[in-house]
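Here is a short walk through one structure for anyone meeting it fresh. Keep the 3D view open and follow along from section to section.

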Amino acid sequence: MSFSMMTIPNISGTRLEILCEFLSAAGLTYEGGAEYTVLLLDDETDAVVGTGSLCGSVLKYIAVSEAMQGEGGAASIVSELVRHAYTCGRRKLFLFTKPQNEYLFRSLGFFRLAATDGAIYMENSRSGLKNYLDSLEKGRGVQGAIVANCNPFTLGHKYLMETAAAQVDSLHVFILSENSAENAEFSAEARFELVKKGTKHIKNLLLHRSGDYIISHSTFPTYFIKDKADAGRINADLDLTLFGSAIAPALGITKRFVGTEPFCAVTRAYNERMKQILPKYGVEVIEIPRIGEISASLVRKAMAEGNLELVSKIVPETTMEYIRAEN
């Protein structure tokens with residue numbers, strides 16, 4: 001089969017409808033975010049026979065029709081997406097896919113970061129994860145970890161980190177590096193700086209940006225998962241497998257601390273998976289009771305309502321100073 005290639009920035013309108021129909025026929029779901037899309041068109045019928053999109057630094061929605069199997073369509077799509085990403089200055093690229101597709105993407109220059117029965121996370125570099133881990137400050141003795149969004153940093157986060165730090169020689173705190181709709185009020189850099197200022201008194205705390213190697217539920221793609229009810233579990237399993245198999249041993253982490261979660265069902269389910277998965281890698285999960293009803297979502301709600309008096313009662317002064325300056 002001969003085909004031609006069409007490239008479309010920010011696909012919309014009729015072309016988006018055609019893309020959605022093609023993905024649906026392939027058992028995939030369009031969930032937005034395509035900045036640059038490749039469509040392969042049959043030269044005889046002009047029908048779409050393959051597609052793929054670049055979403056930030058993640059390759060998504062890659063699919064080819066059965067008639068295109070073995071015709072080099074997937075390679076053409078990935079090559080064009082990588083080329084475009086490089087022109088945009090994006091050298092580190094990632095993709096999530098079904099386990100049965102690993103061989104295909106390995107042949108196209110991607111390497112496994114973590115794999116579960118539901119998904120594989122891949123990167124276009126053999127050494128990307130190692131370079132990230134080598135760049136992190138190392139601790140000593142008994143080492144623990146906390147992974148947090150801190151959107152924004154609250155007194156609850158402060159208590160969690162103080163309590164955890166008292167139980168280990170070194171505490172690694174990873175702050176999620178993503179800038180997403182969920183984090184619209186506080187950018188990744190702002191959240192990192194708020195935690196840095198709010199934890200200066202914790203002398204054995206080592207603060208890290210999560211980079212691309214801690215997978216948040218807000219960025220994990222679900223387009224290739226047939227039963228969306230499984231998406232949260234698959235995301236959690238993949239993230240925790242990567243943490244347990246690579247991040248924890250590289251840093252000597254043997255304890256991971258979390259706060260109890262009475263409000264968010266997604267986070268609560270994630271914590272339960274953590275208790276099941278991380279001990280397999282020699283990482284003990286320690287749950288620390290939440291103080292009161294403090295939560296970052298309550299801070300954001302109070303801010304939206306203009307209730308800065310309530311905000312001031314549940315965030316450290318360093319966070320409050322930032323909020324006052326921004327409002």
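## Strand 8 and its partners

Start with Ala 145: its bridge partner in strand 11 is Arg 256. This is a predicted model, by the way. Strand 8 and strand 11 run parallel to each other, and 3 bridges hold the pairing.

Over on strand 9, the story continues with 6 bridges to strand 8, again in parallel. Two of the partners in strand 9 are easy to look up: Leu 171 is matched with Gly 144, and Ile 175 is matched with Ala 148. Strands of a sheet pair through backbone hydrogen bonds, and that can happen in a parallel or an antiparallel way.

Is strand 8 enclosed or open to the outside? With 5 of its 6 residues buried, strand 8 is largely enclosed by the rest of the structure.

## The whole sheet

Now zoom out a bit. The open sheet has 5 strands, arranged 10-9-8-11-12, with parallel pairing. At the edges you'll find strand 10 (205-209) and strand 12 (284-288), each of which pairs on one side only. Going from one strand to the next, the twist averages 25 degrees.

Strand 9 (residues 170-175) deserves a second look. In a regular strand the side chains alternate between the two faces of the sheet. Here, Ser 170, His 172 and Phe 174 point one way, Leu 171, Val 173 and Ile 175 point the other way, and all are buried. Since 6 of the 6 residues of strand 9 are buried, it is largely enclosed by the rest of the structure.

## After strand 9

Follow the chain onward and you meet Glu 178, sitting in the loop between strand 9 and helix 6. Glu 178 has 14% relative accessibility, so it counts as buried; the cut-off for that is under 20%. How far is Glu 178 from Asp 212 in space? They are 34 residues apart in sequence, while the C-alpha to C-alpha distance is 8.4 Å.

Next comes helix 6, which lies across strand 9 and strand 10 and runs at about 175 degrees to strand 10.

## Helix 6 meets helix 11

Two packed helices are described by the angle and the distance between their axes. For helix 6 (residues 188-198) and helix 11 (residues 317-326), the axes come within 8 Å and cross at roughly 140 degrees.

Which residues make the contact? Helix 6 brings Ala 190, Leu 194, Lys 197 and Gly 198, and helix 11 answers with Thr 318, Thr 319 and Tyr 322. Sorted by class, that contact has 3 nonpolar, 3 polar and 1 charged residues.

## The largest pocket

Finally, have a look at the open space. The largest pocket holds about 1100 Å³. It is lined by 47 residues, and the closest to its centre are Val 147, Ala 148, Asn 149, Glu 261 and Thr 267. Ala 148 has already turned up above, as the bridge partner of Ile 175.

Several elements each supply at least two lining residues, including strand 8 (143-148), strand 11 (253-259) and helix 7 (231-251). Helix 8 gives the largest share, with 7 residues. In terms of character, the lining divides into 23 nonpolar, 15 polar and 9 charged residues.

Terms used: Residues numbered from 1 in each chain as written. Predicted model: local features only at pLDDT ≥ 70, side-chain atom pairs only at ≥ 80, totals over all residues. Heavy atoms only, no water. 1 Å grid on protein atoms, 1.4 Å probe; cavity = no way out; pocket = protein on both sides within 12 Å on 5 of 7 lines; lining within 4 Å. Points joined across faces, edges and corners; volume = space filled by probe spheres on them. Helix = DSSP H or I, 4+ residues; strand = E, 2+ residues; numbered from the N terminus. Nonpolar A, V, L, I, M, F, W, Y, C, P; charged D, E, K, R; others polar. Axes fitted to C-alpha atoms, helices over the stretch in contact; angles between N-to-C directions. Contact = heavy atoms within 4.5 Å. Buried < 20%, exposed > 50% of the residue type's maximum accessible area, 1.4 Å probe, protein only. Pairing = 2+ DSSP bridges.
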